[in-house]
Amino acid sequence: MIPTRAYAGFGATTPLRAHTIDRRHPGPTDVQIDILFCGVCHSDLHTVKSEWTPPTYPCVPGHEIVGRAVAIGNDVKTFKIGDIVGVGCLVDSCRKCRSCKEGLEQFCEPGATWTYGSKDPHTGGVTYGGYSTTLVVDQHFVVHIPASLDLAAAAPLLCAGITTYSPLRHHKVGPRSRVGVVGLGGLGHMGVKIAKALGAHVTMFTTSPEKIADAKRLGADEVLVTRGAWAWDAAPLDMILDTVAASHDLNPYLKCLGRDGVMVVVGGPPTPHPPINASLLVGRRRMLAGSLIGGIEETQEMLDFCAEHGITCDIELIEMQQINEAYERMLKSDVKYRFVIDMASLRG
Ligand code: NAP
Ligand code: ZN
Ligand code: ZN
């Protein structure tokens, strides 16, 4: 085993703190990665604070990982030592089911192995994420980071990037599309950038009036502040991507969609959203949908798309020791627009 420095949560209400975990030695198809940067996703916070199902503690979050390959197994074909690589939310899947065969490993039917908090088939324990200095992952779940991307600012593409790219592509957003993005946080700011790069007209919905100027700088054509009563009086939207991390009323957003419009929810609030008025769907054949990250091949496609369009995340670089403060700020929607941990701070 490889002793590895990490930061872990030990309970729902206690701060994360330094911890040591073991990584397996790389097998024939594995890549051993020295982690350089790890983004801080709101899912890390939901998980470690037990806002979804209670995790196994100690819990080492982090699934927006960029690092350098430092060892590779004998059967590894597409990576070599020294490569800059990425790992997102997935570290394994059955590779045999219909979803896996279609490149949709996130929907693996027996269940994918998530980067943290899943049963680890190699150790018998749970998987540990990127708030750590080293990671060992099967080559199938490792992607190449294009050379032109800033490494720290590319890290959040591994979750925030793919989670917004995948539904925008699935619902065929293009130059004539009118897209709304709800919530200007880590996912939301990537949603705006990617929708814009796909050629769409983008409306940002935010509860934070102080973010209006940033939303426009990021590419939004219009910004609607949804604090208090609000209504839609512009041309109907084709798609809305809802990235909000808290329970809220979806009905006013459904009303913004035109005929055959789709609202895709990617946010995972700890408590359910209030009920939907189904007549809003029936009347104009509108759809309410969800989406979960993206498969490995699509993650590589997204990274290449971002490199082609010069897209990375707007980040605040922090040290590992600042993580609890970062969580506090994330809870107040005060992130511009993704915290990224410089893992040098954990190497000491
Ligand atoms: P984030 O950076 O914290 O952004 C969430 C944004 O939601 C906030 O910046 C805020 O934007 C808005 N918001 C409105 N009311 C809020 C409230 N009461 N509490 C918190 N936020 C509120 O979070 P994120 O990392 O982008 O993640 C967003 C959600 O997506 C989380 O629930 C996360 O677990 C989930 N997620 C899902 C997937 C997937 O595959 N489906 C992948 C990653 C993350 P404004 O200030 O503009 O209103
Ligand atoms: Zn995430
Ligand atoms: Zn599968």
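**Stop 1: the zinc ion**

Start by selecting the zinc ion, ligand 2: in this predicted model, Cys41 (SG), His63 (NE2) and Cys159 (SG) coordinate it at 2.0 to 2.2 Å. Along the chain, these donors are spaced as C-x21-H-x95-C. Now color the neighbouring elements to see where two of the donors come from. Cys41 sits in the loop between strand S3 (30–39) and helix H1 (42–48), while His63 sits in the loop between H1 and strand S4 (65–72), so this pair ties together parts that are 22 residues apart in sequence. Are Cys41 and His63 buried or exposed? Both Cys41 and His63 are buried.

**Stop 2: ligand 1 and its shell**

Next, select ligand 1 and show the residues around it. You should find 29 of them, and the closest are His42, Thr206, Thr207, Ser208 and Arg338. Sorted by class, this shell holds 12 nonpolar, 15 polar and two charged residues. Which helix gives the largest share of the shell? That is H1, with three residues; H1 and H5 each supply at least two.

Now look for the polar atoms beside the ligand. Show the side chain of Ser43, where a polar atom lies 2.8 Å from an oxygen atom of ligand 1. Then show His46, which also has a polar side-chain atom 2.8 Å from an oxygen atom of the ligand. For Leu187, turn on the backbone instead: a polar backbone atom there is 2.8 Å from an oxygen atom of ligand 1. Switch on a surface to see how the protein covers 89% of the 910 Å² of accessible area that ligand 1 has on its own.

**Stop 3: helix H4**

Move on to helix H4, residues 160–170. How many of its 11 residues are buried? Nine are, which leaves H4 mostly covered. Among the buried ones are Ala160, Ile162, Thr163 and Tyr165. To see what surrounds them, select strand S10 (178–182), helix H5 (186–197), strand S13 (237–242), strand S14 (257–265), helix H9 (296–309) and strand S17 (338–342), because the buried residues of H4 pack against these elements. Just after H4, click on Lys172, which takes a positive phi of about 60°.

Two residues of H4 deserve a visit of their own. Begin with Gly161 in this helix, which counts as buried because its relative accessibility is 0%. Not counting residues up to four places away in sequence, Gly161 touches Pro156, Met190, Ile194 and Met302. For a distance to try in the viewer, join the C-alpha atoms of Gly161 and Ile311: they are 9.6 Å apart in space, although the two residues are 150 apart in sequence.

Then pick Ser166, also in H4. Why does Ser166 count as buried? Its relative accessibility is 9%, and the cut-off for buried is under 20%. Leaving aside neighbours within four places in sequence, Ser166 is in contact with Ile293, Gly294 and Glu298.

**Stop 4: Lys193 in helix H5**

Finish in helix H5, at Lys193. With a relative accessibility of 16%, Lys193 counts as buried. What lies 2.8 Å from a polar atom of the Lys193 side chain? Look for the backbone oxygen of Thr312. Select the contacts of Lys193 as well: beyond its neighbours within four places in sequence, they are Leu218, Ile311, Thr312, Cys313 and Asp314. You have already met Ile311, as the partner of Gly161 in the C-alpha distance of 9.6 Å.

Technical notes:
Residues numbered from 1 in each chain as written. Chains lettered and ligands numbered in written order. Predicted model: local features only at pLDDT ≥ 70, side-chain atom pairs only at ≥ 80, totals over all residues. Heavy atoms only, no water. Donors = N, O, S within 2.8 Å, 3.2 Å for Na, K, Ca; no water. Helix = DSSP H or I, 4+ residues; strand = E, 2+ residues; numbered from the N terminus. Buried < 20%, exposed > 50% of the residue type's maximum accessible area, 1.4 Å probe, protein only. Contact = heavy atoms within 4.5 Å. Near = heavy atom within 4 Å. Polar contact = N/O pair within 3.5 Å; in protein donor to acceptor, adjacent residues only side chain to side chain. Areas by Shrake-Rupley, 256 points an atom, 1.4 Å probe, with all protein chains shown as cover. Nonpolar A, V, L, I, M, F, W, Y, C, P; charged D, E, K, R; others polar.
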